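Reader: I have a sequence and a model on my screen. Please walk me through reading them.

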Amino acid sequence: MTLEKVATFCVKDTNTTIYIAIGTVMDFEASDPASAAIVNASNPTCIADFINGTSEIEQLIQQAGSEKLLAARLALPTSGENTRCEVGDAKIHGPFPQSRLPSHYVVDAAGPNYVEHDFDNYEEVDELLMSAYGMSLELCKEKGLGEVATGLISFSTKGKRSLKQILALSLSSLGYWAQENPETTLKSIYMCAPSKKIADKIVECGKKLGLVPEEEK
């Protein structure tokens, strides 16, 4: 399976294009894997939990990256309860040219778990979500990468945030970063949605944010 593009948003006054696509980051087909990354919606340990359950995509990424990706993750310094990546932050690993990953680089982004926070504090939690996306893209920029595919961070732990709110925050995070970095080498950002229904909701959110799909111009 490959990613199915459903909409294209060209971020104004930048060289960056955001593609909304159906599929997962493991379906990403980079034009140049050596200059691309996938963003994993990770937990703070950066390690997929095969025993107690973790997302299927997270498990697939760890399996595809094999022992080299696992070793890179385990080499990260830890704090607290085995935390390798603070919530709102991201870590980049690679390159892994000989792996079964769709790109040579993997970014672990630790988004917030809204369920663990009071609704009155959600604005602060929103900032952590946006930071996780922004830090992921910043790491890709530092590596001089040209493409990145990202999953939906905090999608399954949105608590009392509505689906549309989480999707709008996610898309606006990508667009805001692109506007703040107009000269970045990162020209293509793929936002991966698990279904057409979710992809269509992201497109709807984009329109409400003032973005116009290239397909409708």
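Author: We go from the sheet to the helices, then to the loops and the cysteines. One caution at the start: this is a predicted model.

Reader: Start with the sheet. In what order do the strands of the open sheet lie?

Author: Read a sheet by strand order, not by sequence order. Here the order is β1-β2-β7-β6-β3-β5-β4. The sheet is open, has 7 strands and shows mixed pairing.

Reader: Which strands are the edge strands?

Author: Look for strands that pair on one side only. They are β1, residues 4–10, and β4, residues 90–93.

Reader: By how many degrees are neighbouring strands turned against each other?

Author: On average by 20 degrees, with direction ignored.

Reader: Now one edge. How many bridges join β1 to β2?

Author: Count the bridges, then note the direction. There are 6 bridges, and β1 and β2 run antiparallel. To find the register, pick one pair: Thr 8 has Tyr 19 in β2 as its bridge partner. The two strands form a hairpin with 6 residues between them. Within that hairpin, Asp 13 takes a positive phi near 65 degrees.

Reader: What lies on the other side? Do β2 and β7 run parallel or antiparallel?

Author: Parallel. β2 is joined to β7, residues 188–193, by 6 bridges. Use Ile 20 as a marker: Met 191 in β7 stands opposite.

Reader: Are the residues of β2 buried or exposed?

Author: Check each face of a strand separately. In β2, residues 17–22, 6 of 6 residues are buried. One side carries Thr 17, Tyr 19 and Ala 21. The other carries Ile 18, Ile 20 and Ile 22. Both faces are covered.

Reader: And the other edge. In what sense do β4 and β5 pair?

Author: In the antiparallel sense, over 4 bridges. β5 spans residues 105–110. Ile 92 faces Val 107 across this pairing.

Reader: Which strands does helix α1 lie across?

Author: Three of them: β3, β4 and β5. The helix covers residues 56–74 and runs at about 105 degrees to β3.

Reader: How do I read two packed helices?

Author: Two values describe the pair: the angle between the axes and the distance between them. Take α2, residues 122–142, with α3, residues 163–180. Their angle is about 40 degrees, and their axes are 9 Å apart. The crossing of α2 and α3 is right-handed.

Reader: Which residues in α2 meet α3?

Author: Among them are Leu 129, Met 130, Tyr 133 and Leu 137. The α3 side includes Ile 166, Leu 169, Leu 174 and Trp 177. By class, the residues of this contact divide into 8 nonpolar, 4 polar and 3 charged.

Reader: At what angle do α3 and α4 cross?

Author: At roughly 65 degrees, with axes that come within 9 Å. α4 covers residues 196–208. This crossing is right-handed. From α3, the contact includes Leu 163, Leu 167 and Leu 171. From α4, it includes Ile 198, Ile 202 and Cys 205. The contact has 7 nonpolar, 1 polar and 4 charged residues.

Reader: Now the loops. What should I look for in the backbone?

Author: Look for exceptions. Most residues other than glycine have a negative phi, and most peptide bonds are trans.

Reader: Which peptide bond is cis?

Author: The one from Gly 94 to Pro 95, with omega near 5 degrees. Pro 95 sits in the loop between β4 and β5.

Reader: Where is Cys 46 found?

Author: In the loop between β3 and α1. Cys 46 has a positive phi of about 70 degrees, though not a glycine. Its relative accessibility is 0%, so Cys 46 counts as buried.

Reader: Is Asn 82 buried, exposed or partly exposed?

Author: Partly exposed, because its relative accessible area is 39%. Asn 82 lies in the loop between α1 and β4. Its phi is positive too, about 65 degrees.

Reader: Last point. How many disulfides does the structure hold?

Author: Check the distances between cysteine sulfurs. The structure holds 0 disulfides. For Cys 140, the nearest cysteine sulfur is that of Cys 192, 13 Å away. For Cys 205, the nearest is again that of Cys 192, at 16 Å. Cys 205 counts as buried because its relative accessibility is 7%.

Note on methods:
Residues are numbered from 1 along each chain as its sequence is written. This is a predicted model: local features need pLDDT of at least 70, side-chain atom pairs count only at pLDDT 80 or more; totals for chains, interfaces and linings use all residues. Side-chain values use heavy atoms; hydrogens and water are left out. A disulfide is a pair of cysteine sulfur atoms within 2.5 Å. Buried means under 20% relative accessible area, exposed over 50%, partly exposed in between (1.4 Å probe, protein chains only). Two strands pair if DSSP finds at least two bridges between them. Axes are lines fitted to C-alpha atoms, for helices over the stretch in contact, and angles run from 0 to 180 degrees between N-to-C directions. Contact means heavy atoms within 4.5 Å. A crossing is left-handed if the near helix is turned anticlockwise from the far one by less than a right angle, and right-handed if clockwise. Ala, Val, Leu, Ile, Met, Phe, Trp, Tyr, Cys and Pro count as nonpolar, Asp, Glu, Lys and Arg as charged, and the others, Gly among them, as polar.
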